[in-house]
Amino acid sequence: MAFDFTQPVFVISVAAELAEMHPQTLRQYDRLGLVTPSRASGRARRYSQMDVEKLRQIQALSQKGVSLEGIKRIIQLENQVRALQSRVTELSEELDRERESRRESSKIFAAGASGDVVRMARGSRPTPRKVSQALMLYRPAKRAGAS
């Protein structure tokens, strides 16, 4: 059975220990909206492994001198980038399906060699008609009264 990283299983003291922080710091981050743990019965906070990783990321940024407001903005932008990447992937797949559908249902018609209508693949041309090698002489009829 695989571990679900999004499952809220850690109480605040365990999450704080895993993130190497004080529980009060986790409460402050919750108030600021940096990490939003799930709530169990009695309003007790429950943290997932993903929340703990996020807390570690916040701590690393904070140690590099980034303010909490800056960290909050970074997290928002990272979430926005993930959502946009997901949307781009979704739209690319939809575009590929639409292109394939159009390729399959493309209806290009042309006049065939014998003059009939034939269906052609997009970008191709019908085979040209054979040019007749027959020679026909034209002799106008003589007019009556012409000398």
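Which residue forms a salt bridge with Asp-30, and how far apart are the closest N and O atoms? The legends below, which refer to a predicted model, begin with this pair.

**View 1. The salt bridge between Asp-30 and Arg-39.** Asp-30 pairs with Arg-39, and the closest N and O atoms of the two residues are 2.8 Å apart. Asp-30 counts as buried because its relative accessibility is 13%, which is under the 20% cut-off, whereas Arg-39 is partly exposed, with a relative accessible area of 36%. Arg-45 also belongs to this view, since a network of salt bridges links Asp-30, Arg-39 and Arg-45. The structure as a whole holds four salt bridges.

**View 2. A salt bridge within helix α3, between Arg-56 and Glu-53.** In helix α3, which covers residues 49-63, Arg-56 and Glu-53 lie three residues apart, or about one turn of the helix. Their closest N and O atoms are 2.9 Å apart. Arg-56 counts as partly exposed at 33% relative accessibility, and Glu-53 likewise counts as partly exposed, at 40%.

**View 3. A salt bridge within helix α4, between Glu-90 and Arg-87.** Both residues lie in helix α4 (residues 68-105), three residues apart, which is about one turn of the helix. The closest N and O atoms of Glu-90 and Arg-87 are 2.4 Å apart. Glu-90 is partly exposed, with a relative accessible area of 40%, and Arg-87 counts as partly exposed at 39%.

**View 4. A nonpolar surface patch that includes Phe-3.** Phe-3, Phe-5, Val-9 and Met-50 together make a nonpolar patch of about 410 Å² on the surface. Phe-3 lies in the segment that comes before α1 (12-19), and Phe-3 is partly exposed, with a relative accessible area of 47%.

Technical notes. Residues are numbered from 1 along each chain as its sequence is written. This is a predicted model: local features need pLDDT of at least 70, side-chain atom pairs count only at pLDDT 80 or more; totals for chains, interfaces and linings use all residues. Side-chain values use heavy atoms; hydrogens and water are left out. Patches are made of residues with over 30% relative accessible area and no salt bridge: like charges are joined within 9 Å, nonpolar side chains (Val, Leu, Ile, Met, Phe, Trp, Tyr) within 5 Å. Accessible areas come from the Shrake-Rupley method with a 1.4 Å probe; for residues, only the protein chains shown count as cover. A salt bridge is a side-chain nitrogen of Lys or Arg within 4 Å of a carboxyl oxygen of Asp or Glu. Helices (H or I, at least four residues) and strands (E, at least two) are DSSP runs, numbered from the N terminus. Buried means under 20% relative accessible area, exposed over 50%, partly exposed in between (1.4 Å probe, protein chains only).
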